[in-house]
Amino acid sequence: MLNQSVVVGKILAMPRTLIGLEEGQYLFEIVVPRAGTSNTTDRITCITTENIATNMNNYTRLQDIIGVKGSIRTINDTMYVFAEKVTFLSTHRDDVIEGGE
């Protein structure tokens, strides 16, 4: 059997620690459009490692589009995507210096 998931969506909540997670695990949320509809979205809760969470906090913001590759895990009857890899697909950076002379 294969337990692999790939989801692409906008960051809804930046990585944070929560009581009940193992040490070094961080929780974040993304929102993805539901297939076949134009206005409906699904909220996906993801768990990741400290290294990935640090990179997300340093290089992304809310509403940036990311790709998450991982496996589905159930903790206390709640399903999560355990993110093994996060790819930064687009960013809404206001601090980019344009031009130059």
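Q: Where rings of Phe, Tyr and Trp (its six-membered ring) pair if their centres lie within 6.5 Å, with planes under 30 degrees apart counted as stacked, over 60 as edge-to-face and the rest as tilted, how many aromatic pairs does a search of the whole structure find?
A: The search of the whole structure finds zero aromatic pairs. This is a predicted model, in which local features need pLDDT of at least 70 and side-chain atom pairs count only at pLDDT 80 or more, while totals for chains, interfaces and linings use all residues. Residues are numbered from 1 along each chain as its sequence is written, and side-chain values use heavy atoms, with hydrogens and water left out.

Q: What makes R73 and F82 a case of a charge over a ring?
A: The definition asks for NZ of Lys or CZ of Arg within 6 Å of the ring centre and within 35 degrees of the ring normal. The charged end of R73 sits over the ring of F82 at 3.9 Å from its centre, and therefore the distance falls within the 6 Å limit.

Q: What pattern does the chain follow, read along the sequence?
A: The pattern is β-β-β-α-β-β, made up of one helix and five strands, where helices (H or I, at least four residues) and strands (E, at least two) are DSSP runs numbered from the N terminus.

Q: Why are β4 and β5 said to pair?
A: Two strands pair if DSSP finds at least two bridges between them, and eleven bridges join β4 to strand β5 (residues 78-90), so the criterion is met in the antiparallel sense. Within this pairing G70 stands opposite A83, and the two strands form a hairpin with two residues between them, N76 in the turn having a positive phi of about 50 degrees. Strand β4 (residues 65-75) also pairs with strand β1 (residues 5-16), again antiparallel, over six bridges, with I66 as the bridge partner of G9.

Q: Why is S5 called buried?
A: Buried means under 20% relative accessible area, exposed over 50% and partly exposed in between (1.4 Å probe, protein chains only); S5 has 15%, and so counts as buried. This residue of strand β1 is in contact, meaning heavy atoms within 4.5 Å, with V68, K69, G70 and I72, leaving aside its neighbours within four places in sequence. Across the 101 residues of the chain, 33% count as buried.

Q: What makes the phi of Q63 and of D77 notable?
A: Most residues other than glycine have a negative phi. Q63, in the loop between α1 and β4, has a positive phi of about 80 degrees although it is not a glycine, and D77, in the loop between β4 and β5, has one of about 65 degrees, again without being a glycine. At 36% relative accessibility Q63 counts as partly exposed, whereas D77, at 79%, counts as exposed.

Q: How do you know which parts of the model carry high or low confidence?
A: The guide is pLDDT, the predictor's confidence in each residue, from 0 to 100. The chain averages 87, and 89% of the residues score at least 70; among its elements, helix α1 (residues 50-59) has the lowest mean, 93, and β4 the highest, 95. Over residues 96-101 the pLDDT is below 50, and this stretch has zero contacts in the model beyond near neighbours in sequence. Where pLDDT is low, the predicted coordinates should not be read in detail.
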